[in-house]
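Please open the model in your viewer and display it as a cartoon, with side chains available on demand. The tour below proceeds by selection, and each stop states what is to be found there.

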Amino acid sequence: MTKSVEPIPAPHLAAEIATQPDDWAAAAAIAAAHRDVLPQPGERVAAIGCGTSLFMARAFASRREAAGQGLTDAWPAGQPPTGREYDRYLVICRSGTTTEVIEAMRGLPARVPRTVICSSPGTPVLELGDAILVDQVDERSVVQTRFATTTSAILRWHLGEDLTPVIAQARAVLAEDAATALGAVRYADQISFVGMGFAAALAEEAGLKLREACQSWTEAYLATEYRHGPISIAAPGRAVWAFGPLLPGFAEEVAATGAHLEHRAIDPMADLVRVHRLCLLRAADLGLDPDHPRSLSRSVVLDS
């Protein structure tokens, strides 16, 4: 008699990755509904977060300054700004319970408005600022995907960007056979992510995703900084993944090392979805649970 084998359930991460194009489309209405509490043109803004949320803050800061809408700094919640004056604070926190974020918000000047984007109802950060609750993109996986990118989409819509082409690119990525599309990087023993501007922040996020989900050796750099030392680790069997437009001569420099250059001419946010799918592939190859990374939890809550 053959014993039946229970199928291994798909990770929550897989389902959460798949909703992103629809989430980004819905973000336009969220941005419009909350336009009055999001940074206004000309304001001096500090964006604050931890981990993935910090990378989204950096991406926003780059996009906002590039759009000419005003000075925008990004700060880790564990080292909030001091001695600088801002007109508004923007806080990003999925869990709503991260100790460093709560402490940072409590320490901000009371007279300065602050807005918090969060996906967890009933949490402390929602009481510490003008709340934008996006619980429809909350996640069961510890590894953040759709909350982070939807937050970025809200902010990009708010800046006046039309994300319709980006959404189409993400849909096309999700329609691909991942094993075929990512075959050149699936087994790379090291991956360096590079980019410029907001793509550099998403490159940092890409590296973090693979470290979290499948314990991969990844690094991230400004593309202009890559040739100032980090290129020395490039070699056959390793990969360099470039987000956004390539710098002149960059492809030739990587080719000379024998490393694989992964590059696609799409928006870096859509390219990040490709990295999300790579996380699933590599985690499955290694027998890892990408929903529950080693030594990580959904929120970093510190002892008082």
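Begin by selecting strands E8 and E9, the latter comprising residues 260-263: the two pair in the parallel sense over four bridges. The model under examination is a predicted one. Show the residues of E8 and E9 individually to see how they are matched. Alanine 239 stands opposite histidine 260 in E9, tryptophan 241 stands opposite glutamate 262, and the bridge partner of alanine 242 in E9 is histidine 263. Now follow the backbone from E8 to E9: the chain passes through H11 on the way, and this β-α-β crossover is right-handed.

**The other neighbour of E8**

Add strand E6, residues 191-195, to the selection. E6 and E8 pair in the parallel sense, again over four bridges. Here isoleucine 191 is the residue opposite alanine 239 of E8. Alanine 239 can therefore serve as a landmark for both pairings, since it stands opposite isoleucine 191 and opposite histidine 260.Are the faces of E8 covered or open? Display its side chains: Ala239 and Trp241 lie on one side, Val240 and Ala242 lie on the other, and all four are buried, which leaves both faces covered.

**The whole sheet**

Extend the selection to E7, residues 218-222. The four strands form an open sheet in the order E7-E6-E8-E9, with parallel pairing. E7 and E9 stand at the edges and have a single partner strand each, so one side of each is left without a neighbour in the sheet. From one strand to the next, the twist averages 20°.

**Helices on the sheet**

Next, bring in the two helices that pack on this sheet. H9 touches E6 and E7, and its direction makes about 160° with that of E6. H11 touches E6, E8 and E9, and its direction makes about 145° with that of E9.

Select H9 alone, residues 198-214. This helix has 17 residues and reaches 25 Å from its first C-alpha to its last, close to the 24 Å expected at 1.5 Å a residue. H9 is mostly covered, with 15 of its 17 residues buried. Move to the residue that follows H9, glutamine 215, and inspect its backbone: phi is positive there, near 55°.

**Salt bridges**

How many salt bridges does the structure hold? The total is 16, and three of them merit a stop.

Remain on H9 for one of these, and show the side chains of glutamate 205 and lysine 209. They form a salt bridge in which the closest N and O atoms are 2.5 Å apart. Both residues lie in H9, four residues apart, about one turn of the helix. Glutamate 205 is buried, as is lysine 209.

Then select glutamate 253 and arginine 227, whose closest N and O atoms are 3.4 Å apart in a further salt bridge. What does this pair tie together? Glutamate 253 belongs to helix H11 (residues 250-257), and arginine 227 to the loop between helix H10 (223-226) and strand E8 (239-242), so the pair links parts that are 26 residues apart in sequence. Glutamate 253 has 29% relative accessibility and counts as partly exposed. Arginine 227, at 33%, likewise counts as partly exposed.

Now select Arg63, Arg156, Glu161 and Asp267, which salt bridges with shared partners join into one network. Within this group, look at arginine 156 and glutamate 161: their closest N and O atoms are 2.9 Å apart. Arginine 156 and glutamate 161 are both buried.

**Last stop: serine 62**

Finally, select serine 62, which lies in helix H3 (residues 52-66). With 24% relative accessibility, serine 62 counts as partly exposed. Leaving aside residues up to four places away in sequence, serine 62 touches Gly197 and Phe198. To end, draw a distance from the C-alpha of serine 62 to that of arginine 111: the two atoms are separated by 26 Å, and the residues are 49 apart along the chain.

Key
Residues are numbered from 1 along each chain as its sequence is written. This is a predicted model: local features need pLDDT of at least 70, side-chain atom pairs count only at pLDDT 80 or more; totals for chains, interfaces and linings use all residues. Side-chain values use heavy atoms; hydrogens and water are left out. The expected span of a helix is 1.5 Å times one less than its number of residues. Buried means under 20% relative accessible area, exposed over 50%, partly exposed in between (1.4 Å probe, protein chains only). A salt bridge is a side-chain nitrogen of Lys or Arg within 4 Å of a carboxyl oxygen of Asp or Glu. Two strands pair if DSSP finds at least two bridges between them. A crossover is right-handed if, with the strands pointing away from the viewer, the path from the first strand over the helix to the second runs clockwise. Axes are lines fitted to C-alpha atoms, for helices over the stretch in contact, and angles run from 0 to 180 degrees between N-to-C directions. Contact means heavy atoms within 4.5 Å.
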